[in-house]
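I opened my notebook to record, step by step, what I looked up in this structure. I wanted to begin with the strands and then turn to the helices.

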Amino acid sequence: MPAEWTPTLHQRVLELAASAGFDTTGIASATSTGTETAERFTTWVAAGHAGEMDYLKRRDEQGTLLRTAVQVAIPWARSIIVCAINYNADAPRSIDPAPDTTGWIARYAWSGKDSEPSDYHDDLLARLRQIEAGLLQQTTCETRCYVDTGPLIERSYAAKSGVGWVGKNTCILNQQLGSWLLLGVIVTSLALPESVISLEAQDRCGSCTRCIDACPTNALIAPHQMDASLCIAYLTIEKKGTIPESLRPLIGRQVFGCDICQDVCPWNRKAPIASGKGTGPLPELINPALEWLAQMDAATFKRHFKGSPLERTKRHRLHRNVAIAMGNSGNPAFLPQLEAWQTSEDPILAEHAQWAIKQLIKLSS
C-alpha cells in the first residue's frame, strides 16, 4: 500500500505553502479529472485548437496524449498539490485609456526584483521546492514539481482541489482572489483518502459572458472553451513566423500576451493587490513605449529581459508584434520606424512592417 495523506500532514502542507508565499492551496486526487477531461482535451487537440504548441500534443508510445491524465506520463502519481499565488498589481488595465504611443505587456510578465526582471516560473518553482522539502521531512513519497512544464492540465486539478473554478475565459477563478493567479503543482505518490479531499470549487460565472464578448479575435469559441490558435496571447508569444493578416488589426496594441478577458471579468473588480513577496511590477513594462521597444538592439533586449518571460519570445518576434501595434495605433509618427523595418534582413519583420505602414495610412487618413 502506498503512503497516504493524513489530516495532520494535509494541514502541515497548507502551512508550508502559506509560509512559501502562496495565497491558496488545495490537494486533488490524480484520477479526479476523469475521462471527460481526457476526452475533451483529445477533441480540442484534434480540432487544431492547440495551434503550433507541439508540447501540448506529445504522446506516449501507445499514442495517448500525455496531458489527458497525469498517470499517463507519471504512473506512480496519486495526488496533486496545487498552489496559487496572486500577481495582481495596483496599475492600469489593458482596457483603460492609454496613449497611442504605448503597447501592452501581459500583467504576469511585469515582475522584477531590485529593478531586474524575474520569471514567475523560477520564482514559483523555488517556492514549490520549499513545500516539497518540508513534505519529505514528514513522510516518505515520490514527488515532482512543475510550473507550466508538467504533463498535466493544471487548471483541471486546481478546480478539483478547490483552488478555484474554470471560468468561461478558461482561467482559474477564485471567489476571493479573482483570476490573477499563477499556478504551481507538486505531483506526489501519496494516496488521497476521503478525509482530506478538498471540496471542488463551485462555478460562479453564472450567466455572465463579458469575457467572451470582449475577446477581439473570438478565441473564446464557447463558455469554458478556447481556440488557442486565435488567442492574442498565443499569437504574440507562441506563434512563430507570420501572424495571419486577418488577425493583425484585432491584436490592437498587445505586444506580449493579452489580459482583456481578465480585465473585463467582474470577479476581478475587487481582486486584492499582490503583496509582492520580494517582487513587484517594473514601471517601464506598464504601458511600455512602442518606440522604446522598437529601438532595442540585441544587447539592450538582453539587458532588460534576460530572466523575464519576454526572453522566450525573443527580440525578433517582439519587434514583429511592435510593428503590428504601431500599425494599429493610427499614429503617423511611427512611419519612419516602420519604413526602416520594411527593408529589414528579417523577412517576417519586413512583411509585417509593410502591412503596418498600409494599416497606419488607412487609419490616419
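These entries follow the order in which I looked things up, and I keep in mind throughout that the model is predicted.

**Entry on the sheet**

I began with an open sheet of 4 strands, and I wrote down its order as β1-β2-β9-β6, with antiparallel pairing. Which strands stand at the edges? I found β1 (24-29) and β6 (143-146) there, and because each has a single partner strand, one side of each is left without a neighbour in the sheet. I also looked up how neighbouring strands of this sheet are turned against each other, and the average is 20° when direction is ignored.

I then followed β6 to its partner, strand β9 (residues 181-188), and noted that 4 bridges join these two antiparallel strands. To fix the pairing in my mind I looked up one position, and I saw that Thr143 stands opposite Thr188 in β9.

**Entry on the helix across the sheet**

Next I asked myself which strands helix α4 (residues 120-138) lies across. I noted β2 (79-86), β6 and β9, with α4 running at about 35° to β9.

**Entry on α1 and α4**

Staying with α4, I looked up how helix α1 (residues 7-19) packs with α4, and I recorded an angle of about 155° and axes 9 Å apart. An angle over 145 degrees counts as roughly antiparallel, and therefore α1 is roughly antiparallel to α4. I added that α1 passes α4 in a right-handed crossing.

For the residues that meet, I listed Leu9, Arg12, Val13, Leu16 and Ala17 in α1, and Ile131, Gly134, Leu135 and Gln138 in α4. I sorted the residues of this contact of α1 with α4 into 6 nonpolar, 2 polar and 1 charged.

Arg12 caught my attention again, as it forms a salt bridge with Glu15, with the closest N and O atoms 3.6 Å apart. I noted that Arg12 and Glu15 both lie in helix α1, 3 residues apart, which is about one turn of the helix. The count of salt bridges in the model comes to 11.

**Entry on α11 and α12**

Last, I turned to helix α11 (residues 298-305) and helix α12 (residues 314-329), which pack at an angle of about 95° with their axes 10 Å apart. I therefore wrote that α11 and α12 are roughly perpendicular to each other. Here Ala298, Phe301 and Phe305 in α11 meet Lys314, Arg315 and Leu318 in α12. I divided the residues of this contact of α11 with α12 into 4 nonpolar, no polar and 2 charged.

How values were computed. Residues numbered from 1 in each chain as written. Predicted model: local features only at pLDDT ≥ 70, side-chain atom pairs only at ≥ 80, totals over all residues. Heavy atoms only, no water. Pairing = 2+ DSSP bridges. Axes fitted to C-alpha atoms, helices over the stretch in contact; angles between N-to-C directions. Contact = heavy atoms within 4.5 Å. Parallel < 35°, antiparallel > 145°, perpendicular 65-115°, else oblique. Nonpolar A, V, L, I, M, F, W, Y, C, P; charged D, E, K, R; others polar. Left-handed = near helix turned anticlockwise from the far one by under 90°. Salt bridge = Lys/Arg side-chain N within 4 Å of Asp/Glu carboxyl O.
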